[in-house]
Amino acid sequence: MTTIPDNKPHRTSQIQIGDTLFTVISVESDRAREHLYDKVKRMILNDETQETISVPTAA
């Protein structure tokens with residue numbers, strides 16, 4: 001099990017599928033240049049929400 005310092009911003013999400021409980025812990029990187037909130041806000045304000053074009057792959 002991983003220990004996260006109390007002063008580190010983090011989020012814990014859990015989902016149960018059948019008999020299995022999945023736990024995801026997201027921790028903000030010390031090297032991050034911007035917070036996720038700021039990035040999403042910037043993308044919305046700059047209308048950077050264009051869909052990506054899917055390229056067919058060989059079967």
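Is R42 buried, partly exposed or exposed? Select R42 in your viewer to begin: with a relative accessibility of 32%, this residue counts as partly exposed. Keep in mind along the way that the model is predicted.

**Stop 1: the salt bridge**

Leave R42 selected and add E34. The two form a salt bridge, and their closest N and O atoms lie 2.8 Å apart. Like its partner, E34 is partly exposed, in this case at 33% relative accessibility. Both residues are called partly exposed because their values fall between the 20% limit for buried and the 50% limit for exposed. If you go looking for others of this kind, a search of the whole structure finds one salt bridge.

**Stop 2: the whole chain**

Now zoom out and switch to a cartoon view. You should find one helix and two strands, and following the sequence gives the pattern β-β-α. To colour them, select residues 10-17 for β1, residues 20-27 for β2 and residues 36-45 for α1.

Next, turn on the surface. About 6300 Å² is exposed, and carbon and sulfur atoms supply 53% of that area. How much of the protein is buried? Of its 59 residues, 2% are buried.

**Stop 3: the largest pocket**

Keep the surface on for this one. Rolling a probe the size of a water molecule over the atoms shows where empty space is left. The largest pocket here has a volume of about 330 Å³.

To see what surrounds it, select P9, H10, R11, S26, V27, E28, S29, A32, E34, H35, L36 and K39, which line this pocket. You have met E34 already: this lining residue is also the salt-bridge partner of R42. Colour the lining by residue type and you get four nonpolar, four polar and four charged residues. Where does the lining come from? β1, β2 and α1 each supply at least two of its residues.

**Stop 4: a nonpolar patch**

For the last stop, select I15, I17 and F22. Together they make a nonpolar patch on the surface, with about 310 Å² of accessible area between them. Then centre the view on F22, which sits in strand β2. Its relative accessible area is 42%, so F22 counts as partly exposed. That value also clears the 30% cut-off that a residue must exceed to belong to a patch.

Methods. Residues numbered from 1 in each chain as written. Predicted model: local features only at pLDDT ≥ 70, side-chain atom pairs only at ≥ 80, totals over all residues. Heavy atoms only, no water. Patch = residues over 30% accessible without salt bridge, like charges linked within 9 Å, V, L, I, M, F, W, Y side chains within 5 Å. Areas by Shrake-Rupley, 256 points an atom, 1.4 Å probe, with all protein chains shown as cover. Salt bridge = Lys/Arg side-chain N within 4 Å of Asp/Glu carboxyl O. Helix = DSSP H or I, 4+ residues; strand = E, 2+ residues; numbered from the N terminus. Buried < 20%, exposed > 50% of the residue type's maximum accessible area, 1.4 Å probe, protein only. 1 Å grid on protein atoms, 1.4 Å probe; cavity = no way out; pocket = protein on both sides within 12 Å on 5 of 7 lines; lining within 4 Å. Points joined across faces, edges and corners; volume = space filled by probe spheres on them. Nonpolar A, V, L, I, M, F, W, Y, C, P; charged D, E, K, R; others polar.
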